[in-house]
Amino acid sequence: QAKRFGGDRIEPFRPAYKTIGAGRLQLESDLRRAFERSELSLAFQPIVDLAAETVAGFEALLRWEHPRRGTISPAEFIPIAENTGLIVSLGQFALEEAAKRLGDLHRATGDESFFMSVNISSRQLIRQDLIADVKSVLERYKLAPSVLKLELTESMVMDNPERSARLLARLRELGVGLSLDDFGTGHSSLAYLMRFPFDTLKIDQSFLRNNSQPQRPIILHSIVTMAHDLGLRVVAEGVESESDIVQLKQLNCEYAQSFAFSPPLNFEMARRLLVDRSASLKRAS
Ligand code: C2E
Ligand code: MG
Ligand code: MG
Ligand code: MG
């Protein structure tokens with residue numbers, strides 16, 4: 001499946017560290033210094049309106065450009081940041097930078113309907129300051145609350161359901177979007193998860209990639225239908241096959257986020273994609 005939007009692919013990640021022993025300690029201290037050295041940035045992966053095949057928004061994804069080891073995957077450094085408490089400043093950086101860049105994109109296009117989705121970690125969720133941080137970026141970058149979406153996973157909210165439910169309710173009152181990330185990797189039912197005020201469900205890519213079980217269309221059908229019945233919008237992450245895309249369109253699944261449409265882009269590429277919209281919509285397949 002060729003990608004449908006233009007733009008150069010960001011260099012693929014290579015595993016640079018073992019997350020045990022001395023390598024991990026080295027990574028920790030490098031990560032501390034990465035801030036001061038401005039080695040951290042965000043990449044922006046388009047979230048595509050499936051019916052129109054246009055860009056509806058982006059997910060902000062942290063990138064670490066290590067001077068010697070090259071790009072290190074967030075899958076590798078986020079868990080370490082979580083364990084050391086560094087995740088709080090990392091998360092604040094991501095929120096701040098994502099909001100700022102969204103404001104830039106709105107100004108560049110004259111269109112303020114694009115949204116930005118930001119991943120929140122469990123450590124951030126248990127800090128009371130999250131609400132204040134969110135309010136602050138909305139005000140400073142003059143964003144309508146609805147164009148900022150926070151992504152949380154099932155395991156995060158299930159760690160402390162009561163507290164999470166209260167906090168998410170307050171975030172919803174602010175008007176920001178709340179997406180349930182990586183759905184399909186945990187054990188809770190969607191019905192149970194609806195006690196949290198999510199408005200969007202992201203079907204995990206492990207479900208949509210390299211998954212050839214014959215019942216898959218049936219399961220996909222029931223997830224999307226149930227999500228819609230519960231009033232949720234749906235993002236299909238990592239959807240690859242044309243038959244899945246066709247099925248998702250038939251089910252009126254709202255969005256797709258996948259290398260089949262576009263990999264994560266640096267800011268300049270994301271900006272160009274929006275400014276040069278007519279060119280970007282030609283399918284590359
Ligand atoms: P996620 O939130 O589920 O983000 C989606 C991941 O799937 C991204 O990986 C994205 O590049 C990848 N992806 C999207 N479409 C495809 C596809 O078609 N094929 C394949 N193979 N992959 C696809 P990435 O950027 O490596 O991020 C990994 C995870 O790191 C994220 O998963 C998220 O859990 C975490 N992460 C990234 N940025 C942040 C952040 O700012 N804060 C926190 N707390 N976590 C972050
Ligand atoms: Mg996410
Ligand atoms: Mg996800
Ligand atoms: Mg994921």
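Q: Which residue bridges the magnesium ion (ligand 3) and the magnesium ion (ligand 2)?
A: Keep in mind that this is a predicted model. In it, the two magnesium ions, ligand 3 and ligand 2, lie 3.9 Å apart. The residue that bridges them is D181.

Q: Which residues coordinate the magnesium ion (ligand 3)?
A: Let's start with the spacing of the donor residues in sequence, which reads D-D-x54-E. The coordinating atoms sit at 2.1 to 2.8 Å from the ion, and E237 (OE) is listed twice. The donors come from D181, D182 and E237.

Q: How many residues apart in sequence are the parts that D181 and E237 tie together?
A: D181 belongs to strand 6, while E237 belongs to strand 8 (residues 233-237). The pair therefore ties together parts whose separation in sequence is 56 residues.

Q: Is E237 buried or exposed?
A: Buried means under 20% relative accessible area. E237 has 8% relative accessibility, so this residue counts as buried.

Q: Which element gives the most residues to the shell around ligand 1?
A: Happily, there is a short list to choose from: strand 2 (54-66), helix 2 (74-84) and strand 6 (177-183) each give two or more residues. With 4 residues, the top contributor is strand 2.

Q: Which residue has a polar backbone atom 2.8 Å from an oxygen atom of ligand 1?
A: Two other contacts to oxygen atoms of ligand 1 use polar side-chain atoms: E59 at 3.0 Å and R63 at 2.9 Å. The backbone contact at 2.8 Å comes from F259.

Note on methods: Residues are numbered from 1 along each chain as its sequence is written. Chains are lettered from A and ligands numbered from 1 in the order in which they are written. This is a predicted model: local features need pLDDT of at least 70, side-chain atom pairs count only at pLDDT 80 or more; totals for chains, interfaces and linings use all residues. Side-chain values use heavy atoms; hydrogens and water are left out. A polar contact is a pair of N or O atoms within 3.5 Å; within protein, one must be able to donate a hydrogen and the other to accept it, and residues adjacent in sequence count only if both atoms are side-chain atoms. Donors are N, O and S atoms within 2.8 Å of the metal (3.2 Å for Na, K and Ca); water is not among the atoms, so sites may look incomplete. Buried means under 20% relative accessible area, exposed over 50%, partly exposed in between (1.4 Å probe, protein chains only).
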